[in-house]
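User: Please take a close look at one part of this model, the second largest pocket, and tell me what surrounds it.

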Amino acid sequence: MIVIIDYGAGNLRSVLNAVTRLGYQPRITNSPNEVLNAQAVILPGVGAAADTMESLRRLGLASPIREIIANGRPFFGVCIGLQVLVTGTEEGGWHECLGAIAGTVRKLPSGLKIPHMGWNQVKQRVSHPVFGGIPDGANFYFVHSYYVEPDDESLVAGETDYGIPICSVIATGNLVATQFHPEKSGEFGIKMYSNFLKMAIAGRQD
Amino acid sequence: MLTKRIIPCLDVQDGRVVKGTSFVQLRDAGDPVELASFYYREGADELVFLDISATPEGRETMADVVERISEEVFMPLTVGGGLRSTIDMRRMLRAGADKVAVNSAAVLTPVLISDGADKFGSQCIVVAIDAKRITSSEKPRWEVYIYSGQKPTGIDVLSWARQVVELGAGELLLTSMDADGHQAGYDIELTRAVSEAVPVPVIASGGAGTLEDIYQALIAGKADAVLAASIFHYGIYSIGETKEYLDRRGIPIRI
């Protein structure tokens with residue numbers, strides 16, 4: 001079962017549409033059990049990391065998400081779904097996040113338009129199956145005012161220039177997370193979901 | 001580097017695209033879903049739908065249209081027209097819109113902007129501003145108009161632009177009423193003044209007639225994106241041609 005986590009916010013329908021287009025029948029859920037037992041988990045998101053964390057905690061989803069990531073189960077975080085993975089966020093004062101990856105969510109530097117909104121290139125820094133069939137430097141759709149800075153720079157799988165280099169993709173084993181919105185990024189975006197889901201299903205334990 | 005966005009705009013009434021298009025490739029040029037898919041394949045960066053339905057039934061239809069479009073088209077969608085409350089906004093966002101645009105309702109009830117931004121995030125809230133040049137003013141100045149340009153408000157465009165951003169707007173859709181429909185170029189002075197006044201992205205609208213006009217809106221006008229209707233709908237220029245032209249002129253663009 002592929003699940004898309006519904007915590008009451010976000011661009012759920014677009015993610016659902018993208019995955020459905022690929023021929024999968026994902027389940028939308030806020031059940032901790034379904035998340036724990038899923039073959040692949042997608043955490044979509046828009047808005048603020050702190051609000052999302054609050055919702056995840058309230059629904060009892062924070063621990064299951066930590067657990068599946070710690071166990072190397074397939075997980076795809078989108079936008080805020082990437083930001084909540086790190087230690088904490090500076091948005092609206094310090095707020096603790098999931099801590100699945102050591103790192104901090106910081107505000108984009110001033111001087112350029114904020115939010116960073118539109119299509120920008122992703123430079124692939126590592127080779128990972130999620131990039132399969134996607135050219136280096138392909139454009140993806142971004143909309144965000146904060147970005148993730150992992151403590152371990154080698155975790156940055158994709159990098160994007162917006163005044164400073166920002167981490168736009170984390171891809172390590174079965175953990176994939178993007179600052180951009182694949183479901184809004186045309187055919188290359190759909191391809192990323194396809195790559196991830198193929199990887200998730202090929203590597204299934206059951 | 002962030003690319004500049006090229007955005008076709010579709011006016012939809014009771015579920016049908018009005019201001020007919022002339023694409024021979026399409027089975028039904030009035031079908032918003034088919035047109036959206038066409039522009040998606042052509043490489044448009046985003047789509048804006050303005051619902052000009054006058055009735056609640058017409059607006060209900062719009063939500064269905066958005067739902068069907070979001071199933072086929074994997075690009076950002078903005079929906080505007082007749083949204084008066086966060087309930088209206090939510091309906092469109094749930095249907096699959098990424099952003100909602102408010103115009104008259106924001107002027108009449110500015111708190112709608114902050115309520116929307118609080119509930120859905122600033123990135124969802126586009127404020128559309130219809131601006132008309134004040135000819136009696138020595139310094140360049142523009143006035144905000146509402147009700148599809150029917151009613152002057154006495155509000156200065158630059159101070160309104162700053163105010164809506166303060167309230168939480170994540171993007172401005174700026175239409176020059178003087179230039180709109182004339183295909184003689186965007187109001188560059190207006191576009192630049194607003195773009196320099198606010199920290200959020202500005203979409204220039206109204207007046208595109210040539211590719212040079214689009215280039216100027218992005219360079220001289222400092223716009224982050226350009227919106228156009230007629231030149232794309234009537235096939236005067238394709239999205240591909242437009243992008244190749246801008247790319248050749250050194251504008252960062254997604255090809």
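Analyst: Helices and strands here are DSSP runs, with at least four residues for a helix and at least two for a strand, numbered from the N terminus. In this predicted model, helix H4 of chain B gives the most to the lining of the second largest pocket, with three residues. That helix spans residues 104–108. Other elements of chain B that each supply at least two lining residues include strand E1 (5–13), strand E6 (125–133), strand E9 (171–176) and helix H9 (230–233).

The pocket holds about 1000 Å³ of space. Its lining is made up of 41 residues, and those nearest the centre are B:Leu50, B:Ile52, B:Asn103, B:Asp130 and B:Ser148. By class, 18 of the lining residues are nonpolar, 16 are polar and seven are charged.

Two of these strands lead on to loops with a backbone feature to note. Most residues other than glycine have a negative phi. B:Asp14, in the loop between E1 and strand E2 (16–17) of chain B, has a positive phi near 45°. B:Asp14 counts as partly exposed because its relative accessibility is 42%, between the limits of 20% and 50%. B:Gln183 sits in the loop between E9 and helix H7 (188–197) of chain B, and its phi is also positive, at about 50°. With a relative accessible area of 34%, B:Gln183 is partly exposed.

Technical notes
Residues are numbered from 1 along each chain as its sequence is written. Chains are lettered from A and ligands numbered from 1 in the order in which they are written. This is a predicted model: local features need pLDDT of at least 70, side-chain atom pairs count only at pLDDT 80 or more; totals for chains, interfaces and linings use all residues. Side-chain values use heavy atoms; hydrogens and water are left out. On a 1 Å grid over the protein atoms alone, a cavity is a set of points where a 1.4 Å probe fits but cannot get out, and a pocket is an open set with protein on both sides within 12 Å along at least five of seven lines; lining residues have an atom within 4 Å of a point. Grid points are joined across faces, edges and corners, and a volume is the space filled by probe spheres set on the points. Ala, Val, Leu, Ile, Met, Phe, Trp, Tyr, Cys and Pro count as nonpolar, Asp, Glu, Lys and Arg as charged, and the others, Gly among them, as polar. Buried means under 20% relative accessible area, exposed over 50%, partly exposed in between (1.4 Å probe, protein chains only).
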